[in-house]
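Student: Could we go through how to read a strand and a backbone angle in a model?
Tutor: Sure, let's have a look.

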Amino acid sequence: MSLGGAVSGERIMRVFVLGVLPLWGLAAYVRSLLGHAPEPALHGRGLAVVVLNVVMFALGGAGMLVGREKGSPWRGHGIALLLASVATVVPLYAVARDTVTFIAMIPLWVLLRRIPLLWGVGVGALTTLAVAVVSATHGEADLGLVAAFAGMTLGGLASRQASIAQEATRRAEAANAALAERSHIAREIHDILAHSLSAQIVHLEGARLLLSRDGDRVQALERVERAGNLARSGLEETRRALATLRGEIPEPKEVIAGLAEEFYAGTGRPCDVRVTGTPRELSPQAGLAVVRTAQEALTNVRKHAPGARAHVSLRYLSGSVELEVTDTGATEPALGPGLDLGADGGGYGLAGMRERAELIDGTLETGPDGKGFRVSLRVPA
């Protein structure tokens, strides 16, 4: 049986046990008290019936109210009251066998849900055994009542275990959600650092090479200034990422336009942006995938295709959004030895973009495009 089915079955059982059964049992109980000997009275066995009934109901009611919440300092007192109420059933059955009905099983059910499993098995078994012994010593054994107590014991224990399993599932789901959130944050921080820091390294390495070769100091200063601007933009990206994690992501076309300006400022080469279709609000996950893919793709162009021009196409289609980033291929030599950024900056890179797309049922295609490279993302929206 699935967990959902088990939970629904438990709810039905609880409604029956705590709703229908008490009303039916109370009516049958009162009827049996008034219709069988000994009848309630102020003397003899009738008085014992009255006292034991009052004690059973008082202890059971108090036990169900006291210490209901887990961790309550009164929980032990509530368990003791319920246990005493269940214990009262045996002498009451001995005094007035014909009057004991299913009403006495309610405190037993509640008790079994509160105490540990082994204790519950012991209490249920002892109660059932006591009822069987009293029944056998006072005439013919009431197998129906014994079976009812045994069934109530099994039902209470099963309900308790189902509740424990449900709570464990909730804790596991919460832990998985927290782990997914940490992975999400790690991916966002990586993407920001890979974008800003790798570009800073490019400019700083260029400045170092210019200075080491007695090159143009003005160009070297420009590269250092660009690296500083990238550091500031990286800080702004961090703030933007934290806002994104709260679902406050801006329109992808606005972010992509800003990335195109950064590309031009950092490389001196144009980055054309084309938006087709009717722009609409995307889910935070879809919008974030589009933005981060465009950012990573343009970063890769700057790192691996010096001198290349870039083109970004954002298409709003029916039921999906497509992003395509292409470049014209490198036209300038690399900065020189000593700069080794790797294929993905030592982090997620293309694998991270593909993983991000797959998490929201999207697709990512990458590969050569003439002399350049092409990154194509499609996400449902």
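Student: Which residues sit on the two sides of β3, and are they buried or exposed?
Tutor: Buried means under 20% relative accessible area, exposed over 50%, and partly exposed in between, with a 1.4 Å probe and protein chains only. In β3, Ser320, Glu322, Glu324 and Thr326 on one side and Val321, Leu323, Val325 and Asp327 on the other are all buried. That gives 8 of 8 buried residues for the strand, 320-327. This is a predicted model, where local features need pLDDT of at least 70, side-chain atom pairs count only at pLDDT 80 or more, and totals for chains, interfaces and linings use all residues. Residues are numbered from 1 along each chain as its sequence is written, and side-chain values use heavy atoms, leaving out hydrogens and water.

Student: Which strands pair with β3?
Tutor: Strands (E, at least two residues) and helices (H or I, at least four) are DSSP runs, numbered from the N terminus. Two strands pair if DSSP finds at least two bridges between them. Here β2 (residues 310-317) runs antiparallel to β3, with 8 bridges, and β5 (residues 372-380) is also antiparallel to β3, with 7 bridges. Val325 stands opposite Val312 of β2 and opposite Val375 of β5.

Student: What about phi?
Tutor: Most residues other than glycine have a negative phi. Asp361, in the loop between α10 (349-359) and β4 (363-369), has a positive phi near 65 degrees. Asp361 counts as exposed because its relative accessibility is 69%. Gly319, in the β2-β3 hairpin, also has a positive phi, near 85 degrees.
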